[in-house]
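Welcome, and please open the model in your viewer with a cartoon representation. We will go from the whole chain to a single pair of side chains, one selection at a time.

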Amino acid sequence: MMTTSFIMLTITGVWSFLVYLVFGLICAGIAKAIMPGKDPGGFWVTALIGIVGAYLGAYMRTILGISHDGEVSFFSPFDWMFSILGALILLFIWKKFLAPMFNK
């Protein structure tokens with residue numbers, strides 16, 4: 001039998017993932033605009049990089065002690081800056097190091 005706290009934790013986890021998904025997709029587009037060029041992998045790889053970049057940005061904020069509650073907020077400039085920075089870091093790593101290995 002499921003407890004109420006487990007159900008709320010599951011709903012919170014799903015909602016958190018959806019917020020990171022939308023936030024990451026937006027950040028992927030911004031990161032791609034900042035770092036243009038041929039992007040091996042197309043939309044799906046860029047979208048995945050943006051989503052993971054949003055998580056990376058949240059982790060960087062937490063490490064630096066800037067995180068307010070561990071979640072992203074559309075109204076926080078720090079959330080935007082760090083999420084875009086995370087996406088840029090991953091996009092750079094993808095373009096310079098990982099993508100050339102897949103193009104052989």
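What percentage of the 104 residues in the chain is buried? Buried residues make up 33% of them. Keep in mind throughout that this is a predicted model.

**Stop 1: the whole chain.** Colour by secondary structure, and you should find three helices and zero strands. Followed along the sequence, the pattern reads α-α-α. If you switch on a surface, about 6800 Å² is exposed, and carbon and sulfur atoms supply 79% of that area. For a contact map, take pairs of residues at least 6 apart in sequence: 71% of those contacts join residues at least 24 apart.

**Stop 2: the annotated segments.** Next, select residues 6-31, 43-60 and 80-98, where an unreviewed UniProt entry places the feature "transmembrane region". Residues 43-60 are 100% helix and 0% strand in this model, with 25 Å between the end C-alpha atoms. Now move to residues 80-98: here too the chain is 100% helix and 0% strand, and the end C-alpha atoms lie 25 Å apart.

**Stop 3: helix α2.** Select residues 42-64, the 23 residues of helix α2. A distance drawn from its first C-alpha to its last comes to 32 Å, close to the 33 Å expected at 1.5 Å a residue. Show the side chains and look for the buried positions, which include Thr46, Ile49, Ile51 and Met60. Glycines are on that list as well, among them Gly50, Gly53 and Gly57. Step just past the end of α2 to glycine 65, and check its backbone: phi is positive, at about 80°.

**Stop 4: the charged pair.** Side chains of opposite charge can pair when their charged atoms come close. How many salt bridges does the count give here? The count comes to one salt bridge. To see it, select aspartate 79 and arginine 61, whose side chains meet at 3.0 Å, N to O. The two partners are 18 residues apart and link distant parts of the chain, with aspartate 79 in helix α3 (residues 77-102) and arginine 61 in helix α2.

Before you leave this pair, colour by accessibility. Are aspartate 79 and arginine 61 buried or exposed? Aspartate 79 counts as buried because its relative accessibility is 0%, below the 20% cut-off. Arginine 61 has a relative accessible area of 1%, so this residue is buried too.

Notes: Residues numbered from 1 in each chain as written. Predicted model: local features only at pLDDT ≥ 70, side-chain atom pairs only at ≥ 80, totals over all residues. Heavy atoms only, no water. Helix = DSSP H or I, 4+ residues; strand = E, 2+ residues; numbered from the N terminus. Expected span 1.5 Å × (residues − 1). Buried < 20%, exposed > 50% of the residue type's maximum accessible area, 1.4 Å probe, protein only. UniProt positions renumbered as here; feature names shortened; annotations may be inferred. Salt bridge = Lys/Arg side-chain N within 4 Å of Asp/Glu carboxyl O. Contact = heavy atoms within 4.5 Å. Areas by Shrake-Rupley, 256 points an atom, 1.4 Å probe, with all protein chains shown as cover.
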